[in-house]
Amino acid sequence: MTRFSSFSRPLRTAVVGASGGIGGAFVELLVSDAAVESVHVFSRRPLPAGNKLFRGRIDYDEEASIAEAAAMVKEGGPLDLVLVATGLLHDGAALQPEKSFRSLDAGNLTRSFQINAVGPGLIAKHFLPLLARDRKAVFAALSARVGSISDNHLGGWYGYRATKAALNMMIRCMAIETGRNRKQAFCVGLHPGTVDSRLSQPFQGGVAQDKLFTPAIAASHLLAVVDGLTTGDSGKLFAWDGKEIPF
Ligand SMILES: NC(=O)c1ccc[n+]([C@@H]2O[C@H](COP(=O)([O-])OP(=O)(O)OC[C@H]3O[C@@H](n4cnc5c(N)ncnc54)[C@H](OP(=O)(O)O)[C@@H]3O)[C@@H](O)[C@H]2O)c1
């Protein structure tokens with residue numbers, strides 16, 4: 001069984017943030033997919049080994065770790081799919097989503113930008129050149145609906161929203177640049193819905209049970225979106241149900 005009907009087979013794939021809730025679920029689905037030949041998984045933490053799995057370390061605070069990871073992946077040939085599943089919303093008591101401009105803190109904003117925008121940008125720098133040129137290939141980064149400026153009617157979460165908006169803009173730039181000479185390459189942002197993970201755990205209180213996805217369901221939705229990408233979709237942000245979210 002395969003989730004990749006629109007890709008050439010076999011697929012070579014990479015998941016950055018494989019230790020996360022959604023990243024880990026991506027890895028499980030990719031490993032069990034008959035059309036997938038290899039899954040390169042990256043994290044700051046040690047990851048389990050397994051069939052088709054190639055492990056490496058990426059820490060966004062060290063660009064050299066990203067360059068080394070890309071060099072390792074390049075040895076095996078071009079990539080069909082890169083999934084960036086990293087992100088930061090909170091980190092202990094000191095870094096929490098801001099309810100007011102009064103809470104803005106330069107250190108926290110810088111940290112959020114580093115992980116939510118700069119890091120995925122550096123992944124693109126080192127991994128976009130590895131995308132296959134002669135067939136459909138996708139670079140997809142986990143963004144968030146709250147990063148849509150036109151969809152922001154509630155305010156709050158200044159840093160997270162701003163960093164995801166910055167990521168969305170980078171994805172649009174990457175799509176334009178990549179599209180000039182790789183007509184079958186896609187660069188997209190993905191919104192997974194609200195997913196039961198470390199990132200969302202403190203904020204699940206008001207979420208109805210049927211609106212809270214398991215990481216496995218979320219990953220399954222997002223791979224269906226990736227498989228459904230077609231001409232004109234590059235540079236956009238898509239929700240888990242395949243609907244475009246306007247920037
Ligand atoms: N969960 C939701 O409801 C939800 C909703 C909308 C959007 N999203 C987005 O979906 C993505 C995945 O979220 P998740 O729920 O799976 O979160 P998660 O379980 O907290 O996973 C976050 C991942 O980011 C990695 N990461 C954090 N800092 C890093 C750094 N400095 N360098 C390299 N990797 C780093 C973590 O690695 P370590 O294990 O090394 O810390 C982990 O793999 C994020 O972009 C998030 O914004 C999630």
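Which helices and strands each supply at least two residues of the shell around the ligand? In this predicted model, the answer is α1 (21-31), α3 (106-127), α4 (158-181) and β7 (194-195). The sections below begin with the ligand and its surroundings, and then turn to the pockets, the cavity and a few details of the backbone.

## The ligand and its shell

There are 30 residues around the ligand, and those that come nearest are S19, R45, T86, Y160 and S197. When the residues of this shell are sorted by kind, eleven are nonpolar, 13 are polar and six are charged.

Some of these surroundings can be described atom by atom. In the side chain of S19, an N or O atom is 2.5 Å from an oxygen atom of the ligand, and a polar side-chain atom of S197 likewise lies 2.5 Å from an oxygen atom of the ligand. The backbone takes part in such a pairing as well, since a polar backbone atom of G20 is 3.0 Å from a ligand oxygen atom. On its own the ligand has 900 Å² of accessible area, and the protein covers 94% of that area.

## The largest pocket

The ligand takes up the space of the largest pocket, for which the computed volume is about 1,400 Å³. Its lining consists of 49 residues, and G87, Y160, S197, L199 and S200 are the closest to the centre of the pocket. Two of these names have already appeared, as Y160 and S197 are also among the residues that come nearest to the ligand.

Two or more residues of the lining are given by each of α1, β2 (36-43), α3, α4 and β7. Among the contributors, α1 provides the largest share, which amounts to three residues. By kind, the lining of the largest pocket divides into 22 nonpolar, 16 polar and eleven charged residues.

## The second largest pocket

The second largest pocket holds about 240 Å³ of space. Around this pocket there are 15 lining residues, and the ones that lie nearest its centre are K183, A185, F186, G232 and S234.

Both α4 and β6 (185-191) supply at least two residues of this lining, and the largest share, four residues, comes from α4. The helix α4 therefore appears in several settings, as it also supplies at least two residues of the shell around the ligand. As for the kinds of residue that line the second largest pocket, five are nonpolar, six are polar and four are charged.

## A cavity

The structure holds one cavity of 30 Å³ or more, and the volume given for the largest cavity is about 40 Å³. Which residues line the largest cavity? They are L88, L89, L95, Q96, P97, E98, S112, G159 and Y160, and by kind they divide into five nonpolar, three polar and one charged. Y160 belongs to this lining, and the same residue name was met above among those closest to the centre of the largest pocket.

## Details of the backbone

Most residues other than glycine have a negative phi, and most peptide bonds are trans. Against that background, three places in the chain deserve a closer look. The peptide bond that joins R9 and P10 is cis, with an omega of about -5°, and P10 itself lies in the segment before β1 (11-16).

The other two places concern phi. K52, a residue other than glycine, has a positive phi near 70°, and K52 is found in the loop between β2 and β3 (53-57). W157, which is also not a glycine, has a positive phi near 50°, and its place is in the loop between β5 (137-142) and α4.

Technical notes
Residues are numbered from 1 along each chain as its sequence is written. This is a predicted model: local features need pLDDT of at least 70, side-chain atom pairs count only at pLDDT 80 or more; totals for chains, interfaces and linings use all residues. Side-chain values use heavy atoms; hydrogens and water are left out. A residue is near a molecule or strand if one of its heavy atoms lies within 4 Å of it. A polar contact is a pair of N or O atoms within 3.5 Å; within protein, one must be able to donate a hydrogen and the other to accept it, and residues adjacent in sequence count only if both atoms are side-chain atoms. Accessible areas come from the Shrake-Rupley method with a 1.4 Å probe; for residues, only the protein chains shown count as cover. On a 1 Å grid over the protein atoms alone, a cavity is a set of points where a 1.4 Å probe fits but cannot get out, and a pocket is an open set with protein on both sides within 12 Å along at least five of seven lines; lining residues have an atom within 4 Å of a point. A molecule sits in a cavity or pocket if more than half of its atoms lie within 2 Å of its grid points. Ala, Val, Leu, Ile, Met, Phe, Trp, Tyr, Cys and Pro count as nonpolar, Asp, Glu, Lys and Arg as charged, and the others, Gly among them, as polar. Grid points are joined across faces, edges and corners, and a volume is the space filled by probe spheres set on the points.
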